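Reader: I'd like to go through this model with you, piece by piece. Could you take my questions as they come?

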Amino acid sequence: PMMAIVGGAKVSTKIPVIESLMEKCDTILVGGGMIFTFYKAMGYDIGASLVEDDIVGLAKELMAKAEAKGVKLMLPTDVILADKFDNDANSAIAKVSEISGDWRGLDIGPETVAAFGEEIAKANTIVWNGPMGVFEMEPYANGTFSVARTMGDETEKNGMISIIGGGDSAAAAEICGESKRMFHTSTGGGASLELLEGKALPGIEILDNA
C-alpha cells in the first residue's frame with residue numbers, strides 16, 4: 001500500500017497535492033497547522049489555532065472526495081495545545097473536540113503519534129511532505145520526530161520506500177538524525193509538491209526525453 005503524510009501550516013498550498021495523491025494512495029495522514037482548517041469544516045471549536053477561513057469549504061470538499069474514493073484521510077484525534085506561541089508556554093494535551101479559548105494546537109498528541117505509527121508500519125511506500133507540528137520548538141517536536149523515527153525504522157527493518165519531499169520535513173529528519181536512514185530525501189519542497197501534483201518539471205522532462 002502507498003501512503004502519503006502531508007503536514008505544514010497551510011492547507012491552501014497542499015490542496016492540489018492531496019487531490020492528486022488521492023488517485024495514488026490508500027491512506028493519507030494529515031498533520032501540522034492545516035488540520036485546524038479541517039476541524040473548523042467539521043464544526044469544531046479550534047480556539048486560537050491557525051486557520052484559513054477562506055479554505056474551510058474546500059477542506060470539507062476534500063474530506064467528501066476522499067470518502068467517495070475510499071481513501072483513508074486520517075486526521076489527528078488529539079493535539080498538544082499551548083496558551084501562546086512560545087517554548088515556555090503552558091501546554092496541555094487535548095482531544096481535537098476539546099479546544100477552546102486562547103489555546104492553540106502546535107503539535108499532534110500522543111494518541112495520534114501511536115495511531116500514525118501503526119499506519120506507517122502497514123505501508124510499502126510513503127511520501128512525506130510537511131511537519132506535524134512546530135518542530136523548531138522542542139516542546140512541539142515530538143510528532144514530527146516520531147514520524148521520522150518510525151519511517152526510519154520501517155525503511156531499515158522492512159525495506160519500506162520512504163521519500164521525504166520538502167525543506168521542513170527534510171530539515172526535521174536531519175535534526176533528529178533520521179535523514180540517513182530514509183530511502184530518499186529531497187530538499188526541493190516546492191518542486192516535490194509540483195511533481196506530486198502531476199506537473200511537469202523541466203529538468204525531469206529533459207532526462208525523460210534523453
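Reader: Let's start with E23: is it buried or exposed?

Author: E23 is exposed, because its relative accessible area is 56%, where exposed means over 50%, buried under 20% and partly exposed in between, with a 1.4 Å probe and protein chains only. Before we go on, this is a predicted model, in which local features need pLDDT of at least 70 and side-chain atom pairs count only at pLDDT 80 or more, while totals for chains, interfaces and linings use all residues. Residues are numbered from 1 along each chain as its sequence is written, and side-chain values use heavy atoms, with hydrogens and water left out.

Reader: And where does E23 sit?

Author: E23 lies in the loop between α1 (15–21) and β2; helices (H or I, at least four residues) and strands (E, at least two) are DSSP runs, numbered from the N terminus. In space, E23 is 9.6 Å from A66, C-alpha to C-alpha, with their positions 43 residues apart in sequence.

Reader: OK, sheets. What is the strand order in the one with 6 strands?

Author: That open sheet runs β3-β2-β1-β7-β8-β9, with parallel pairing, and two strands count as paired if DSSP finds at least two bridges between them. Its edge strands are β3 (72–74) and β9 (184–186), each of which pairs on one side only. The twist from one strand to the next averages 15°, where axes are lines fitted to C-alpha atoms (for helices over the stretch in contact) and angles run from 0 to 180 degrees between N-to-C directions.

Reader: Which strands does β1 pair with, and over how many bridges?

Author: β1 pairs in the parallel sense with strand β7 (residues 125–129) over 5 bridges, and 4 bridges join β1 to strand β2 (residues 27–30), again running parallel. V6 has a bridge partner in each of them, N129 in β7 and V30 in β2, and A4 stands opposite V127 in β7. Strand β1 (residues 2–6) is also mostly covered, with 4 of its 5 residues buried.

Reader: What about the sheet of 3 strands, how is that one ordered?

Author: The order there is β5-β4-β6, in an open sheet with antiparallel pairing. β5 (91–95) and β6 (104–108) are the edge strands, each pairing on one side only. Neighbouring strands of this sheet are turned by 40° against each other on average, direction ignored.

Reader: Why would you call β4 largely enclosed?

Author: 5 of the 5 residues of β4 are buried, so the rest of the structure largely encloses this strand. D78, I80 and A82 point one way from β4, while V79 and L81 point the other way. As a general matter, side chains in a regular strand alternate between the two faces of the sheet.

Reader: Which residues stand opposite those of β4?

Author: On the β5 side, D78 stands opposite K95 and I80 stands opposite I93, within an antiparallel pairing of 5 bridges between β4 (residues 78–82) and β5. Towards β6, A82 stands opposite R104, and 4 bridges join β4 to β6, which also run antiparallel.

Reader: Changing topic: how does the span of α5 compare with what is expected?

Author: Helix α5 (residues 142–158) has 17 residues and reaches 23 Å from its first C-alpha to its last, close to the expected 24 Å, the expected span being 1.5 Å times one less than the number of residues. Its buried residues include F145, V147, M151 and E154. After α5 comes G159, with a positive phi near 70°.

Reader: G143 is in that helix too, so what is the C-alpha distance from T112 to G143?

Author: T112 and G143 are 8.3 Å apart in space, C-alpha to C-alpha, and 31 residues apart in sequence. T112 itself lies in helix α4 (residues 110–122) and counts as buried, because its relative accessibility is 1%.

Reader: Last one, the largest pocket: what volume does it have, and what lines it?

Author: Its volume is about 330 Å³, and 21 residues line it, of which A9, G33, L50, F85 and V134 lie nearest its centre. On a 1 Å grid over the protein atoms alone, a pocket is an open set of points where a 1.4 Å probe fits, with protein on both sides within 12 Å along at least five of seven lines, and lining residues have an atom within 4 Å of a point. Grid points are joined across faces, edges and corners, and the volume is the space filled by probe spheres set on the points. β6 gives the most to the lining, with 5 residues.
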